[in-house]
Amino acid sequence: MDLTWSDSEEAFRAEARTWLEAHVPSPALPSGDTAEGFAAHLEWEHALHADRWAVVSWPAAYGGRDASLWEWLIFEEEYYRAGGPQRVTQNGIFLLAPTIFEFGTPAQQDHYLPRMSAATDLWCQGWSEPNAGSDLAGVRSRATRDDAAGGWVLSGQKTWTTRGAFCNYLFGLFRTDPASERHKGLTYFMVPLDAEGVTVRGFGRLDGDEGFAEVFFDDVFVPDDDGTTDTMLRGGILGAVDQGWGVAMATTSSERGLTLRSPGRFQATAQRLVQLAADRSRDGALSEVMADAVVDAWIDAEAYALFTLSDVTGVVEGRSGGARSSYNKIFWSELDVRLHQVALDLLGPDAELDGPWMKGFQFALSGPIYAGTNEIQRNIVAERVLGLPRK
Ligand SMILES: Cc1cc2nc3c(=O)[nH]c(=O)nc-3n(C[C@H](O)[C@H](O)[C@H](O)COP(=O)(O)OP(=O)(O)OC[C@H]3O[C@@H](n4cnc5c(N)ncnc54)[C@H](O)[C@@H]3O)c2cc1C
């Protein structure tokens, strides 16, 4: 593996760095999981899009720069290094978009992707239901065929929908074959949240932000997609009817793997941690044990970055990550908790007063839960990567 960047990659980095240094908002924006903060983040997304930094690896026709995966990694490194705001568009651009690139018709790609990169359509993810979390195949929300009207009628409830209260579209799984069980007979729907029969009820998280919503579907009509803008604005199906499980697994693989959590995010946190330790050391308040903990956490962030380079090499050479995204997810989520825990230990009693580290810690705690809990990921690694028996 050649770990040196080419001249054009270095030029790309310099261009990104210059733009980010000039544009990243300061002071930091309020949390994107509040109505006020979400609106501020949306303005940021529009600024990114205007200068074609919103989705660098996408084709220019969809708002991107046709950047390579390596350049995308460089952009992410620079983004977090510059302290760029959280991406409130992430469920669309990092999760749904790769799935549309893989399963969408050309008409769907032409319709949904530019609107997503421009932050016109804001997507939330509708997997979880009150009785289907880890056991996603237990989805009970259903879609019933209405041939006379030419479409599907959706009913049921989704929950834990991140930023559902602020988004205007949802993607999720619905059971289309009432006689089916488990992974079969499910279909991947895209639904506008202003459709008749949809009720979105936002609710607060542990940290008080209204980061979640419950979404209720009471006979919501989604017309058959005939490839026209008019029907696609009213939703549609991604992939084939009754084949939604396979499509959803492509989305979850993006969520657990590289696309959602690039290493730049953790390297930037590790760098802030090193700075915090340096400040403590100057004040004579850094024990040897704490210094070791900081170094260990920093090494882990670097290890994740190197691991990612090998993953990207695989993708570039045409090898699919598949279930490997599960151990990726275990590593980054536990790394995030460690990085923040060490920072709180360094801060001691002051930690209670430190907004960013404390808020970061609280969010890091949810990493081992969202995107499929780490217990479930360990089951997947055991069975599908290591080939161990189920019992
Ligand atoms: C910050 C955050 C954001 C989220 N955003 C979204 C979103 O946008 N859209 C969405 O659809 N969902 C979202 N979720 C929900 C998330 O996907 C679920 O919380 C998760 O899948 C776990 O489901 P559950 O909460 O029902 O827990 P359960 O499935 O009830 O699990 C409870 C506990 O049992 C363990 N467990 C369950 N089954 C097994 C097993 N077979 N083997 C070993 N242990 C097991 C789990 O690991 C867990 O510890 C979000 C969650 C969080 C925390």
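Let's start with a pair of charges: R81 and E21 meet through their side chains in a salt bridge, with 3.6 Å from N to O. Keep in mind as we go that this is a predicted model. The two partners come from distant parts of the chain, 60 residues apart, with R81 in helix α3 (residues 69-81) and E21 in helix α1 (residues 7-23). How open are they to the outside? R81 counts as partly exposed because its relative accessible area is 46%, while E21, at 55%, counts as exposed.

That pair isn't working alone, either. Salt bridges with shared partners join E10, R13, R17, E21, E77, E78 and R81 into one network. Across the whole structure, a search turns up 25 salt bridges, so it's worth stopping at a couple of others.

Next up is R163, which forms a salt bridge with D33; here the closest N and O atoms are 2.8 Å apart. Both ends sit in loops: R163 in the one between β3 (151-158) and β4 (169-175), D33 in the one between α1 and α2 (35-50), so this pair ties together parts that are 130 residues apart in sequence. Are these two buried or exposed? R163 is buried, and D33 is buried as well.

Now look at R280 and D350, whose side chains meet in a salt bridge at 3.8 Å, N to O. This one also links distant parts of the chain, 70 residues apart: R280 belongs to helix α8 (residues 263-282), and D350 to the loop between α10 (324-347) and α11 (355-366). The two ends differ in how covered they are: R280 counts as buried because its relative accessibility is 17%, whereas D350, at 38%, counts as partly exposed.

Let's leave the charges and head inside. The largest nonpolar core has 50 residues, and those with the most contacts inside it are L96, M116, L173 and Y188. Take L96 as a way in. Leaving out residues up to four places away in sequence, L96 touches N91, M116, W123, F171, Y188, M190 and L238. M116 and Y188 are thus on both lists, as contacts of L96 and among the residues with the most contacts in the core. There is also a second, separate core, made of 24 residues, including M290, A301, A351 and W357.

Not every nonpolar group is tucked away. On the surface, V274, V295, W298 and I299 form a nonpolar patch, with about 310 Å² of accessible area together. Which helix gives the most to the nonpolar patch? That would be helix α9 (residues 288-316), with three residues. V295 has its place in helix α9, and it counts as partly exposed because its relative accessible area is 43%.

Last stop: the cysteines. How many disulfides does the structure hold? Zero. C124 is in no disulfide, and the nearest cysteine sulfur, that of C167, is 4.7 Å away. Why is there no bond between C167 and C124? Their sulfurs are too far apart for one at 4.7 Å, given that a disulfide calls for a pair of cysteine sulfur atoms within 2.5 Å. Both cysteines are under cover: C124 counts as buried because its relative accessibility is 0%, and C167 counts as buried at 10%.

Conventions
Residues are numbered from 1 along each chain as its sequence is written. This is a predicted model: local features need pLDDT of at least 70, side-chain atom pairs count only at pLDDT 80 or more; totals for chains, interfaces and linings use all residues. Side-chain values use heavy atoms; hydrogens and water are left out. Buried means under 20% relative accessible area, exposed over 50%, partly exposed in between (1.4 Å probe, protein chains only). Patches are made of residues with over 30% relative accessible area and no salt bridge: like charges are joined within 9 Å, nonpolar side chains (Val, Leu, Ile, Met, Phe, Trp, Tyr) within 5 Å. Accessible areas come from the Shrake-Rupley method with a 1.4 Å probe; for residues, only the protein chains shown count as cover. A salt bridge is a side-chain nitrogen of Lys or Arg within 4 Å of a carboxyl oxygen of Asp or Glu. Helices (H or I, at least four residues) and strands (E, at least two) are DSSP runs, numbered from the N terminus. A nonpolar core is a set of buried Ala, Val, Leu, Ile, Met, Phe, Trp, Tyr and Cys residues joined through side-chain atoms within 4.5 Å. Contact means heavy atoms within 4.5 Å.
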